[in-house]
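Please take a moment to look over the structure below before reading on. The paragraphs that follow start with a term, then walk through the model step by step.

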There are 2 protein chains.
Amino acid sequence: MKRTTIKDLAARLSLSVSTVSRALSGDRNINAETRGRVLAAAEEMGYTPNPAAKSMRGGRSGAIGVLVPEMETHYTIQVIKGIQHVFYPKGIRVIIADAAEDPAVERENLLMMERFMVDGIIFCQCSYQHNADLLGALQEHGLPMVSFGRIPYGLAVSQVLVDDYAKSFFVVEKMIQSGCRHICHFRGPDNIYNSTERARGFRDVMGKYGLPFEDRHGGLGMEDGYVAVDRLVAEGLDVDGIFAFNEAVGVGAMNHLRELGFRIPEDISVAAFSGTDLSKVVFPQLTSVEPPMFEMGRAAAQMLIDQVLDPATPVRTVVLNAEINLRGSTGKK
Amino acid sequence: MKRTTIKDLAARLSLSVSTVSRALSGDRNINAETRGRVLAAAEEMGYTPNPAAKSMRGGRSGAIGVLVPEMETHYTIQVIKGIQHVFYPKGIRVIIADAAEDPAVERENLLMMERFMVDGIIFCQCSYQHNADLLGALQEHGLPMVSFGRIPYGLAVSQVLVDDYAKSFFVVEKMIQSGCRHICHFRGPDNIYNSTERARGFRDVMGKYGLPFEDRHGGLGMEDGYVAVDRLVAEGLDVDGIFAFNEAVGVGAMNHLRELGFRIPEDISVAAFSGTDLSKVVFPQLTSVEPPMFEMGRAAAQMLIDQVLDPATPVRTVVLNAEINLRGSTGKK
DNA sequence: CGGGCCTATGAAAACGTTTTCAGTGAAAAA
DNA sequence: TTTTTCACTGAAAACGTTTTCATAGGCCCG
């Protein structure tokens, strides 16, 4: 179980560790032939550098942290894949921590990342109203960081997002064009700033067509969509369309509407933000706004690397394009 | 950005680093008062040990690797959560690598884990026919490892599983009891040994009731379920039940059957192994065998810790109980 | 031919821990 | 009083790298 170290190579080749290290790291002050011998021996003896030693000397830990608010949806998973796609080929370890939508857990996770001495973090806050202090302090302390997905309102940090406002506007416009007149928005939680943006897009497009603006508290999960439908029915439901904060709420709403005997989309159309594969699995398939999740992860990772390499990198906001996919849950009335 | 080290503490307290280290690690050869002073100072100066240094000295990297065959299903994600639940409180970092069902990628991931010098791995092989050589070599080399979910056929390694045979037997028996007579099994890929076990459970229960045994190649994904249904229809479909290798295949089959105008469960019942939340989201809800995913992750993690602490720990196989959940996709004929 | 400048290498320090080996002084045992 | 033992602490080595710093020989230029 003993690993080959640089010392073993040095001994084998009757060279000093310095020379071997230089050969391995591609220093130019080294004889080409010596370099060749070292590389060959390294290959033969199966040498791989000890990351801990590298890290101790170099100051960098060679690991980055990814903090996500949930791991229930395919959204998060795809972003994580995008992130790993960038880091793993570079030999950088990725540590993932899930807050399960609990800001207290998120805080623990942040502190854990600090203990782990990660070189940077990529995060998506549970709530923009929580942990901004700690994130700010870490940033102040020099920890590179990039946010994705949820808007880190009030935090001057690099971020990769989609255009919540515009995409909400356009997808609802499609619903209107297909005949909807009384659309209700199932709004996201107030502590997620995207809720505000999506609601604004919704309000503006309804205004543009002179239609009444109406919304209900939606929440985040499938149960929330379920409950919101119940409430709407109890109030004597008078809508022909629902625009949900996210896919889960949309699916929850749609499933419950169907249980209650409504036909979708004939009686009521349903659309949602944050669509993933799931939108194509439910019946009818759900019209949704689908962010380029993998690409978002890649972009965030690249931005983080830039920051790690040059701490003076300015704060940037990257807005990627989300696709609007019209499916069976919306259609001609 | 300079972190407090043990040296800083020593200087501050006019003690030697050895003493500080001992106080911190809870060595008993230390004056209680001194220990108190050190702890107080550590708290005050916000000292946290440098994992890299610890690791270099201690030989252990403080990280473990988790190798999964896919991250599409909730199954894997839940197992990962169970694993993290055990390791994070202990300050052990978890590195996750996804093979996307490609044994070549899986091999890369294994090598990556070796480079990262993880203290152990928890894995679920894409295919029991691949990478057993490398896994065996690593094990031989002293790397602690635990397998979960898919049967690591031919590898003498600790593992946590559910009873594929018995649970397949029982869930299909329920279908029979509800009136199904011509059930077709959509079999999993041959390079996953669980396919064999589930098929065996299916064959035996059909035999017990004197019913004809029939199966088709199923595969792993939703598309596979879709395709298998098409093939069945092309052959002049004569079944009243389908038992799918996993949830994805089950959902794919069910969705396509519905597209083709079949009523579920009136015309055809559908059940599947490896159910997750998704089974409750689709319509109708899918009858499925649900492994205790989180618990499996926890168990695997605990077994790995045992092995790391004592390399002489004997190889164990832990079989956990999977729940059979009867839902709308099966029912009285 | 002597000084200066490359090229290639080695020696040693440093990173932050843990741990072994040696003490120290004081109390206990003789 | 002398010796032993004990409780506590310090010095230093070690883990595997990278990175000065130093130095050897060889070459060019005057």
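A residue is called buried when its relative accessible area is under 20%, exposed when that value is over 50%, and partly exposed in between. With that in hand, and bearing in mind that this is a predicted model, we can begin with a pair of residues that joins the two chains. A:Lys81 forms a salt bridge with B:Glu72, and the closest N and O atoms of the pair are 2.4 Å apart. B:Glu72 has a relative accessibility of 41%, so it counts as partly exposed, whereas A:Lys81, with a relative accessible area of 15%, is buried.

This bridge is one part of a wider picture, since the structure holds 32 salt bridges over all chains. The pair just described crosses between chains, running from A:Lys81 in helix α5 (residues 74-87) of chain A to B:Glu72, which lies in the loop between β1 (63-68) and α5 of chain B. Between chain B and chain A the count is 4 salt bridges, and there are also 14 residue pairs in polar contact, with both residues at pLDDT 80 or more.

Which elements of chain B give two or more residues to the side that touches chain A? They are α4 (51-58), α5 (74-87), β2 (93-98), α6 (103-115), α11 (247-259) and α12 (278-281) of chain B. Sorted by class, this side of chain B has 24 nonpolar, 10 polar and 9 charged residues. In total, 43 residues of chain B are in contact with 43 residues of chain A, and the two chains bury about 3,700 Å² between them, with 65% of that area on carbon and sulfur atoms.

We can now turn to chain A as a whole. Its secondary structure comes to 13 helices and 12 strands. The radius of gyration of chain A is 25 Å, well over the 20 Å that the globule rule gives for 333 residues, so the chain is more spread out than a compact globule. Along its principal axes, the C-alpha trace of chain A spans about 85 × 35 × 35 Å. Of the 333 residues in this chain, 56% count as buried. If we take the contacts in chain A between residues at least 6 apart in sequence, 74% of them join residues at least 24 apart.

Salt bridges are also found inside a single chain, and one of them in chain A brings together the side chains of A:Asp306 and A:Arg316, at 3.8 Å from N to O. Here A:Asp306 sits in helix α13 (residues 293-309) of chain A, while A:Arg316 is in the loop between α13 and β11 (317-320), 10 residues apart from its partner. A:Asp306 has 30% relative accessibility and counts as partly exposed, and A:Arg316, at 38%, counts as partly exposed too.

Chain B offers another example, in which B:Glu44 forms a salt bridge with B:Arg12 and the closest N and O atoms are 3.0 Å apart. This pair links distant parts of the chain, with B:Glu44 in helix α3 (residues 32-45) and B:Arg12 in helix α1 (residues 6-13), 32 residues apart. Is B:Glu44 buried or exposed? Its relative accessible area is 57%, so B:Glu44 is exposed, whereas B:Arg12, at 43% relative accessibility, counts as partly exposed. Finally, salt bridges that share partners join A:Glu72, A:Asp98 and B:Lys81 into one network.

Conventions: Residues numbered from 1 in each chain as written. Chains lettered and ligands numbered in written order. Predicted model: local features only at pLDDT ≥ 70, side-chain atom pairs only at ≥ 80, totals over all residues. Heavy atoms only, no water. Contact = heavy atoms within 4.5 Å. Buried area = accessible area lost by both parts, 1.4 Å probe. Polar contact = N/O pair within 3.5 Å; in protein donor to acceptor, adjacent residues only side chain to side chain. Helix = DSSP H or I, 4+ residues; strand = E, 2+ residues; numbered from the N terminus. Nonpolar A, V, L, I, M, F, W, Y, C, P; charged D, E, K, R; others polar. Rg over C-alpha atoms; globule rule 2.2 N^0.38 Å. Buried < 20%, exposed > 50% of the residue type's maximum accessible area, 1.4 Å probe, protein only.
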